[in-house]
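Q: Could you take a close look at one part of this model for me? I'd like to hear about the aromatic residues, and then what sits around them.

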Amino acid sequence: AVSLEVWIEPANNTQNGTIFTYSKNNERNVTLGVEQTRYRGDVRTSNPDPLATDLDVNNTVQTPENIAAPAVQHLVYTRNQTTATIYVDGTVANPPNPQDPNQPPPPPPPITDQNGWSPAYQLAFGNETDGNRPWLGKIYLAAIYCRDLTGVEVQKNFAAGFAF
């Protein structure tokens, strides 16, 4: 399991970029990014992800459109063996299940191992390590956890805020 947490302020909502990543040369262990008004979280798993939209990464979850905004936001991407969730300002921001909008999205497959993860990858903020996905804005706080944060923990961190 893994969680990425940031307090950010995007410069605009017209960019496609990487906010926070543990990667190298566009091969990602885990990444939190933005595509205009939608956030997305990617994590490398040992099984194909049924929610993947990009053959080069396992795009486990993305928010609906009009979530990312040029304002201070608390963003958390958490992934465990059965779920992938993005929280924005303490609230789950995952899109509805395409088969039934009243139900949550289907879970990604279980992580059977992280053998595909490379310890040689690097942490990067505001871009990929090769410089190909710049993100413009301010990062006020960033944290990575080797476990999934619970909804209660995310709400607690959001309520605590951060100091400029």
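A: Phe 125 comes out as partly exposed, because its relative accessibility is 46%. Keep in mind that this is a predicted model. Phe 125 sits in strand β9, and it has company on the surface: together with Leu 123, Ile 139 and Ile 144 it makes up a nonpolar patch with about 340 Å² of accessible area in total. Two strands, β9 (122-125) and β10 (137-145), each give two or more residues to that patch.

Now for the rings that pair up. Searching the whole structure turns up five aromatic pairs. One of them is Trp 7 with Phe 158: the ring centres are 5.8 Å apart and the planes sit at 15°, which is under the 30 degrees cut-off, so this pair counts as stacked. Trp 7 belongs to strand β1 and Phe 158 to helix α1 (residues 151-160), so the contact ties together parts that are 151 residues apart in sequence. The two partners see their surroundings differently: Trp 7 is buried at 7% relative accessible area, whereas Phe 158 is partly exposed at 31%.

Tyr 22 and Tyr 121 also form a pair, this time edge-to-face, with 6.5 Å from centre to centre and 80° between the planes. Here too distant parts of the chain are linked, since Tyr 22 is in strand β2 and Tyr 121 in the loop between β8 (91-92) and β9, 99 residues apart. Tyr 121 is buried, with a relative accessible area of 13%. Going back to Trp 7 and Phe 158, ring pairs join them with Tyr 140 and Phe 162 into a cluster.

What about the inside? In soluble globular proteins, nonpolar side chains tend to be buried together. The largest nonpolar core in this model has 23 residues, and the members that touch the most others are Ile 19, Val 30, Tyr 39, Leu 75 and Tyr 77. At least two core residues come from each of β1 (2-10), β2 (16-24), β3 (27-35), β4, β6 (73-79) and β7 (84-88). Strand β1 provides the largest share, four residues.

Strand β4 (residues 38-43) also carries a polar residue you may want to look at, Asp 42. Asp 42 is buried, with a relative accessible area of just 3%, and its side chain makes a polar contact with the side chain of Arg 40 at 2.9 Å.

Conventions:
Residues numbered from 1 in each chain as written. Predicted model: local features only at pLDDT ≥ 70, side-chain atom pairs only at ≥ 80, totals over all residues. Heavy atoms only, no water. Buried < 20%, exposed > 50% of the residue type's maximum accessible area, 1.4 Å probe, protein only. Polar contact = N/O pair within 3.5 Å; in protein donor to acceptor, adjacent residues only side chain to side chain. Core = buried A, V, L, I, M, F, W, Y, C linked by side-chain atoms within 4.5 Å. Patch = residues over 30% accessible without salt bridge, like charges linked within 9 Å, V, L, I, M, F, W, Y side chains within 5 Å. Areas by Shrake-Rupley, 256 points an atom, 1.4 Å probe, with all protein chains shown as cover. Salt bridge = Lys/Arg side-chain N within 4 Å of Asp/Glu carboxyl O. Phe/Tyr/Trp six-rings, centres within 6.5 Å; stacked < 30°, edge-to-face > 60°.
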